[in-house]
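Me: I am new to this structure and would like a close look at a single part of it, the place where the ligand sits. Please take me there slowly, beginning with the backbone before you turn to the site itself.

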Amino acid sequence: MQPVQAPYPLTRFRRVRRTAAMRALTQETTLTAADLIWPVFLCDGTAQRQPVASMPGVERKSLDLVVEAAAEARDLGIPAICLFPYTDPSLKTPGCEEAWNPENLTNRAIRAIKTQVPDIAVMTDVALDPYNAHGHDGLVVDGIILNDETVEALVRMALAQAEAGADILGPSDMMDGRIGAMRAALEAAGHKDTAILSYAAKYASAFYGPFRDAVGASGALKGDKKTYQMNPANRDEALRLVARDLAEGADMVMVKPGMPYLDICARVKEAFGAPTFAYQVSGEYAMIKAAAQNGWLDGEKAMVESLMAFKRAGCDGILTYFAPAVAKALRHG
Ligand code: PBG
């Protein structure tokens, strides 16, 4: 596009900013509740709410309360909820078998939500970090994160989630070849309509810290995730990963974290035109909340502005812990 404009004073940009009505008419992008996926943390038991200290306003919820949360989200116009389990340490094993137990916390929650709040889309996390004591997304032998063996385990996990009724599988593990393997297994098992939202460009980021507290993995994590998550310095690699995952059968792709990687969001959307999501991760949420609690910025305005930025960058939607708060803020204008 070649912008054409007359020189000042024939063109005055302030004319269309003069009133709220003029600004609304000329607004280029919009943020609505329909753009949001709400990540929620699950814990065992009933009537349990466990606040996450590093994420003010976020709590782990037991199944009954997650079903209530799903109903609240639906009523607010939020189309999807994404489940992350806090796994009891006694269920963690080197082989991560709990990950594909049909009765694990996630699979029970999927069934409960799909029975009681069928209209909301349920997304899952496909990765092994909640299920082993070392906090890695894959199987570990002698300090090495195994790729192909992990993919086999992830396929089992994905099939169990699809069987439980998940609408969207979210492989967040960054192993090579997992999208193709999952897609083939889903087709073979008759789960033709289960969607995959691939964490395609996921960076080895310091902004995941509070999340690891929430799922009980932070004390556990040995080392870092740099042999499978991306180097934050890389750009072209993100495009190659997205191309690879789309070619293997991903329906939607994600860039993660969000705000420090808006350039990647914009390039991915421009290059492929696929449904593109950003994950505004726990550390991004914590920064805005902490500054707001200190009175250093207006938390509600910063929340809305940070999420609008993803739409401007070309994203179709955002995973955000602010989902219900922003849906309410948008409703009240
Ligand atoms: C792990 C996973 C992580 C997040 C989602 N899935 C953390 C990690 O890779 O260590 C981070 C989400 C957030 O920080 O909000 N499979």
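Reply: Asp-142 lies in the loop between β6 (140-141) and β7 (144-145), and in this predicted model the phi of Asp-142 is near 50°, a positive value in a residue that is not glycine. Most residues other than glycine have a negative phi, and most peptide bonds are trans. With that in mind, two peptide bonds deserve attention. A cis bond joins Tyr-8 to Pro-9, with omega about 10°, and Pro-9 belongs to the segment before α1 (20-25). The peptide bond from Lys-256 to Pro-257 is also cis, here with omega near -5°, and Pro-257 is found in the loop between β10 (252-256) and α8 (262-272).

Lys-256 leads on to the ligand, since the closest of the 18 residues that surround the ligand are Arg-212, Lys-225, Lys-256, Ser-282 and Tyr-321. Sorted by class, this shell holds eight nonpolar, three polar and seven charged residues.

Several contacts can be followed atom by atom. The side chain of Tyr-321 has an N or O atom 2.6 Å from an oxygen atom of the ligand. On the acidic side chains, a polar atom of Asp-129 lies 3.0 Å from a ligand nitrogen, while a polar side-chain atom of Asp-137 lies 3.1 Å from a nitrogen atom of the ligand. Taken alone, the ligand would expose 400 Å², and the protein buries 100% of that area.

The surroundings can also be described as empty space, with the ligand set aside. Rolling a probe the size of a water molecule over the atoms shows where such space is left. A search of the whole structure finds one cavity of 30 Å³ or more, and the largest cavity has a volume of about 150 Å³. The lining of this largest cavity is made by 18 residues, and those nearest its centre are Asp-129, Lys-202, Tyr-208, Phe-211 and Lys-256. Two elements, β9 (195-202) and α6 (209-214), each give two or more residues to that lining. By class, the lining residues divide into eight nonpolar, three polar and seven charged.

How do the two descriptions fit together, and what is the space taken by the ligand? The space that the ligand takes is the largest cavity. Asp-129, then, is named both for its polar side-chain atom 3.0 Å from a ligand nitrogen and among the residues nearest the centre of the cavity, and Lys-256 is named both among the residues closest to the ligand and among those nearest that centre.

Definitions and conventions
Residues are numbered from 1 along each chain as its sequence is written. This is a predicted model: local features need pLDDT of at least 70, side-chain atom pairs count only at pLDDT 80 or more; totals for chains, interfaces and linings use all residues. Side-chain values use heavy atoms; hydrogens and water are left out. A residue is near a molecule or strand if one of its heavy atoms lies within 4 Å of it. A polar contact is a pair of N or O atoms within 3.5 Å; within protein, one must be able to donate a hydrogen and the other to accept it, and residues adjacent in sequence count only if both atoms are side-chain atoms. Accessible areas come from the Shrake-Rupley method with a 1.4 Å probe; for residues, only the protein chains shown count as cover. On a 1 Å grid over the protein atoms alone, a cavity is a set of points where a 1.4 Å probe fits but cannot get out, and a pocket is an open set with protein on both sides within 12 Å along at least five of seven lines; lining residues have an atom within 4 Å of a point. A molecule sits in a cavity or pocket if more than half of its atoms lie within 2 Å of its grid points. Ala, Val, Leu, Ile, Met, Phe, Trp, Tyr, Cys and Pro count as nonpolar, Asp, Glu, Lys and Arg as charged, and the others, Gly among them, as polar. Grid points are joined across faces, edges and corners, and a volume is the space filled by probe spheres set on the points. Helices (H or I, at least four residues) and strands (E, at least two) are DSSP runs, numbered from the N terminus.
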